[in-house]
Amino acid sequence: MKTEKLIEKYRASRELLIQNWIPVLILIASVSSGLQIADNYSQNPPMSGGDPMTFEYAGWQLAEEGEPPYESIFDVKTPLVYTFPGLLALVSFGNPMIYHALAVIFTSLAAISSIVIAGLFAYRETESEVAGLITGLSMISITNYITMAALGIRAKQYVILFGVLSLYLYSRESYKLSGLTAAFSAGFYQFGIIFALILLGRDLISERFSNTKEIVIGGFTGFLITVLPVIALGAGPEMINQSVLAVLNGSDTQTLFGYLSRIYRSVLHLRYGIII
């Protein structure tokens, strides 16, 4: 009798969890992010990191000194990772602490939003609430994804946010917006171009070439939004030199042992995410 009641309670709890999988994802991701932010701000000054300091410095120089990206620093990433912090600096009233707090909040929101949108995309593709829940949980279980977002501006959270958003918008048949957001993904880091290739690949497989035109229009619009501000500031040549030529001319002389070491470190970062 007790066993039957336990089974019934388990089934009821499982059903409740699955029915409310979106609020569950939001709650778990928000609590995880909030705890990490609280831990960082328990230290004086708050913890940051190499990448956040670089991007936030470039954004601050852009907003406060008018110094274009790629002139204040040398870095190979694409423009939005510098111009977006510049927008945050503009609304921070010239206060570095407010500026960094905004960077932490927006990057953490990007991580949380990408988790939920990835779940929504999986649900839409499979019509399974369980698939949506597991997809979101798998991202949460990658420990560095949320914890690093709490340190300030980082490119990867925005790349994944706009990337999964482009896939979700494509599944909703919003092709121009999917192309636009895929371009924004690449606008934060070059490897975000993979999402544009996925969109075009899906069109190629399904032979819906009329959609391809809309994706390209949206992508080109996003490209212009990304690069024109930098060109207008007079840093077009530096942008091409650092984010295009430096990347193409880079060489990778890593040994087989080096590649295996990187794979091993990646496994350590994923931890329980591999199981999920």
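The exercises below work through a predicted model of one protein chain, each with a solution in steps.

Residues are numbered from 1 along each chain as its sequence is written. In this predicted model, local features need pLDDT of at least 70, side-chain atom pairs count only at pLDDT 80 or more, and totals for chains, interfaces and linings use all residues, while side-chain values use heavy atoms and leave out hydrogens and water.

**Exercise 1. Determine how many helices and strands the protein chain has, and what share of its residues is buried.**

Step 1: Helices are DSSP runs of H or I with at least four residues, strands are runs of E with at least two, and both are numbered from the N terminus; the protein chain has 13 helices and 0 strands.

Step 2: A residue is called buried under 20% relative accessible area, exposed over 50% and partly exposed in between, with a 1.4 Å probe and protein chains only; of the 276 residues, 42% count as buried.

**Exercise 2. Describe the setting of Ser243, beginning with its helix.**

Step 1: Ser243 belongs to helix α12, which covers residues 236-249, and Ser243 is buried because its relative accessible area is 7%.

Step 2: Taking contact to mean heavy atoms within 4.5 Å, and leaving aside neighbours within four places in sequence, we find Ser243 in contact with Tyr70, Val76, Lys77, Thr78 and Gln190.

Step 3: A polar atom of the Ser243 side chain also lies 2.6 Å from the backbone oxygen of Met239.

**Exercise 3. Decide whether helix α4 is largely enclosed or not, and name what covers its buried residues.**

Step 1: Helix α4 spans residues 80-90, and 9 of its 11 residues are buried, so the helix is largely enclosed by the rest of the structure.

Step 2: Among the buried residues of α4 are Val81, Phe84, Pro85 and Leu88, and the cover over its buried residues includes α3 (50-65), α5 (96-126), α8 (155-171), α9 and α11.

Step 3: Ile153 touches Val81, Phe84, Pro85 and Leu88, among other residues, when those up to four places away in sequence are not counted.

**Exercise 4. Find which helix gives the most to the lining of the largest pocket.**

Step 1: On a 1 Å grid over the protein atoms alone, a pocket is an open set of points where a 1.4 Å probe fits, with protein on both sides within 12 Å along at least five of seven lines, and lining residues have an atom within 4 Å of a point.

Step 2: The largest pocket has a volume of about 470 Å³, and of its 24 lining residues the closest to the centre are Ala183, Ala186, Gly187, Ile193 and Phe223.

Step 3: Helix α11 gives the most to this lining, with 7 residues.

Terms used
A polar contact is a pair of N or O atoms within 3.5 Å; within protein, one must be able to donate a hydrogen and the other to accept it, and residues adjacent in sequence count only if both atoms are side-chain atoms. Grid points are joined across faces, edges and corners, and a volume is the space filled by probe spheres set on the points.
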